[in-house]
Amino acid sequence: MTAIRSSGDDAGLVVSVTAALLDELRPRGHPTVTLDSDLERDLALDSLALAELLSRLEDARGTRMPAELLGTATTLRDLLVDGEAPNTATASTSAPAPVVPTAADGPRPTDLPTLLDSLDWHLATHPDRPHLRLLDDARPVELTYAELHDQALAVAHGLHGRGAQPGDAIALMLPTGRDYFVSFLGVLLAGCTAVPIYPPDRPSRIGEHLQRQRHILDNAHASILITVPEGRSLATLMRAHVTTLRHVCTADELAEVDGTDPLPRAGPDDVALVQYTSGSTGAPKGVVLSHRDLVVNIDAMAQVIQAAPDDVFVSWLPLYHDMGLIGAWLGSLHVGMRLISMPPQDFLVRPASWLQAITDHGGTLAASPNFGYELCLRRVTDEQLATLDLSTWRLAFNGAEAVGPDTLRRFAERFGPVGLRPQALAPVYGLAEAAVGLAFPPVGRPPIIDRISRDRLPRGGVAEPVLPDAAGSDVLELAACGQPLPGYAIRVVDRTGRAVSDRTQGRIQFTGPSATRGYLRNDEATRALRDGDWLDTGDLGYLADGDIVITGRVKDLIIRAGRNLHPQELEQVIGTVDGVRAGCVAAFGVGDAERGTERLVVVAETRETDPAAREAIRGRILDAAVAVVETPPDEIVLVGPGAVPKTSSGKLRRAETAARHADGQLERPVRAAWMQLARFGWLGIPSSLRGVRGRVVEAGHAAWARLLAVTVVVPLALLVALVPGRALRWALVRRVLRGVMRLTRTPAVVRGDWPPPPAVVVANHASWIDGLALSAHVPGAVRFVVGEALADKPIEGFVLRRLGAVFVERHDRTQGVADVAALSATLDSRSYLVVFPEGGLDRVRGLRPFRLGAFDVAATAGVPVVPVAIRGSRRVLAPPSTHLRRGTIDLVVGDPILPSGSGWAATLQLRDAARAHIGLHCGETDLG
């Protein structure tokens, strides 16, 4: 035979053939295939699948592959070897598989279902391209895609080493910075769910902060909290209140763990993020968002704004809020843009630093709530303005709170001379329930300011336009916030739920591909959120020529003397009154049963303490209120700085302000920080004691179970050795095991009927107790397929042989293929062949990829496969622990699955059908 050296296109061929095979093996998605992909760890190819791959490569190349590759190949690169010309009598006539480019820096694929797939593509095409530049007072830090991935992977292995399971909630209480980026991505790489929470801001409010975060951690069932070293002592106090919280650690501590084990891969429909609402109208609610939700929302926004890899996003937004996390960073990651990130506190202290960063880095995209633009208007000096060049800034998003029309006008005028174009200003609308974005204006369109009658809106709910030259107190200006993103729809409904016509105010509802499945563990709020296929935003507004215009929050609406008053405009005007702290005014209604209406209450912060000066401020507030809403407030309350509660993003918490006002607590003295911490710790003692009691009970039960096992196992092994006949041995084993499981309060319940043998029984494998549960309940004679390593153990090997076990090689691929081929001969008309197709145990929670041997045996022998979903065993005895807990194990027996023939297609058909049943009933995430 003549040696044929692989051509330069051979790498692409190997990758494309492997990808096609993985599409069949893992249709729900698989990692990006590269030449350095590990065949077992990354691609989960067992010996049969590798044999199939070698066969397909032979057909595609028209050469014969060296047979020793089955046992020696570790990565796909090992398959780039010289081939031999085939014998003409046996040469394949199949056409070569299409060659796809590898590691070519071309257009980003449009079918990347998760952010991890996007990252894989970046790593395959341009790993050394800078992605993040982190600005702070010290030296800026730059991270390439490869560096970000490697550091995040270290965090993921650290989480894995601390027992994190797929789907576990991991809370991040971190400031914006490197640790946040690598920790968040590490959570996703570990197959877990990220729960961002904000770190404490003011020591004077530390008690309030802990109470709010306790609610979030408890609702999320967070198992691990990642925080800064300075926050560990505070976070540790949480463990007394949150029973699920096992570890509090830093990103650096997690990265110290060396890990090489494969990590679970989250699928598109797995939960990636629980984004808690700001709580401006009540307790924060956890919005559940899947990997798919994030990607489809980012894709829709990117399509409208025409985002491209050469864009540069400059952001000061905190990463614990959706606008900064999803809109700025994850959007940049998915599209492939550079992100210039600066700490929020740097912007708040020096607003010009944001604009200077846009100038220095050629920023094209940036976003801020309205107050950020106001801060720039107030604090950027003429000297700082002269150093700016904003000509590259093509979109300045304004969202997350009410957009001020006057802010848009003044910002365009102030920064127009340094290159800012008016059409760059983009009022947008979004909410966490849609992931982040819902409505954007077309690119290149200047802001639209809707000028309507101030009187008609509160009295009749009609947004009646006024004449262009109209002016005075009857004109209300509102910013149009764009049109629904592609694939999304917005409607406005009245109190009965019927859609209203254009320019009629009502409740805003939406639908779209990233609409949340609901609020985490809050069925009541989820029911209130849904109106059939539509989700209620809780906002009021109207549609005008396709644009959505926001007028306020439903819960904030004040009904007084038949008029609907929106507090935002009143608060804004009162905030300009001399002596009042701007942005620190709350207006709300209080029910008045006697008058059958609501009393209008205004709470305003002031630094003034002189009684006469404060009385003058009240008079000015009264005049301003009458000028805006034509009615005086029933009560004006002046409070000191910091008394009006706000969310972490600076939004007013009107509901809490009203509650504090009703309780007379608005100006209560603030306790010292140490007193707040002591009180929080004291309140956690009862919860801690309950946890201790539960652990003592569990430890006692585990000790009893171990004692029972020791007293039963040895006599049972002797009886198995003495009793003649495999059928009698199994009858004895079943009876003893059922008794032991009852005594240890871990009974197994069988749901479904066992078909008569012969059959191949396949089950998921989550715990050491799985084999015992099946042994106790599979009827008749059973032959377990177990690893060759157990054959050499003197006691276990002897007992397993007496029970008819079949030993197969799991590490030598060549021998493994031979063992699988020989399994067909072990089938007989009176026995079940029982296989765990996942192989050995893994502490990672989830349904792992199936090895194909059992299904190949069934297809070859023409016998049915009986799928059994085992549910609850991991909770009873989680590997590698020997700590047995009480609980019921369910064995859900599926209908027999007959092979459609023999060969590769029949093997996959049996595997897919069995996996579908097991995945539906086992209660664990599908990692395959």
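This briefing walks through two helix pairs, a small set of paired strands and an aromatic contact. The model is a predicted one, so keep that in mind throughout. Here's the quick version: H5 crosses H6 right-handed, H24 crosses H25 left-handed, an open sheet has three strands, and Trp354 pairs with Trp393.

**Helices H5 and H6**

- H5 covers residues 145-161 and H6 covers residues 178-189; their axes sit 7 Å apart, at an angle of about 60°.
- That angle falls outside the 65 to 115 degree range for roughly perpendicular, and the two helices are therefore oblique to each other.
- As for handedness, H5 goes past H6 in a right-handed crossing.
- On the H5 side, the contact uses Leu148, His149, Gln151, Ala152, Leu153, Val155, Ala156 and Leu159.
- H6 answers with Arg178, Phe181, Val182, Ser183, Leu185, Gly186, Val187 and Leu189.
- Sort the contact of H5 with H6 by class and you get eleven nonpolar residues, four polar ones and one charged.

**Helices H24 and H25**

- Further along, H24 (residues 726-743) packs with H25 (residues 769-777) at about 120°, and the axes are 7 Å apart.
- This pair is therefore oblique as well, since 115 degrees is the upper end of roughly perpendicular and roughly antiparallel needs over 145.
- The crossing of H24 past H25 is left-handed.
- H24 brings Trp730, Arg734, Leu737, Arg738 and Met741, which meet Leu772, Ala773, Ser775, Ala776 and His777 of H25.
- By class, the contact of H24 with H25 splits into six nonpolar, two polar and two charged residues.

**The three-stranded sheet**

- The sheet is open, with its strands in the order E16-E17-E20 and antiparallel pairing.
- E16 (429-430) and E20 (483-484) are the edge strands; each has a single partner strand, so one side of each has no neighbour in the sheet.
- E17 (residues 437-440) runs antiparallel to E20, and two bridges join them.
- For Ala439, the bridge partner in E20 is Pro484.

**Aromatic pairs**

- The count of aromatic pairs comes to 15.
- One of them is Trp354 with Trp393, an edge-to-face pair with 5.5 Å centre to centre and 75° between the planes.
- Trp354 belongs to helix H13 (residues 352-361), while Trp393 is in the loop between helix H15 (382-385) and strand E14 (395-398), so this pair ties together parts 39 residues apart in sequence.

Terms used
Residues numbered from 1 in each chain as written. Predicted model: local features only at pLDDT ≥ 70, side-chain atom pairs only at ≥ 80, totals over all residues. Heavy atoms only, no water. Axes fitted to C-alpha atoms, helices over the stretch in contact; angles between N-to-C directions. Helix = DSSP H or I, 4+ residues; strand = E, 2+ residues; numbered from the N terminus. Parallel < 35°, antiparallel > 145°, perpendicular 65-115°, else oblique. Left-handed = near helix turned anticlockwise from the far one by under 90°. Contact = heavy atoms within 4.5 Å. Nonpolar A, V, L, I, M, F, W, Y, C, P; charged D, E, K, R; others polar. Pairing = 2+ DSSP bridges. Phe/Tyr/Trp six-rings, centres within 6.5 Å; stacked < 30°, edge-to-face > 60°.
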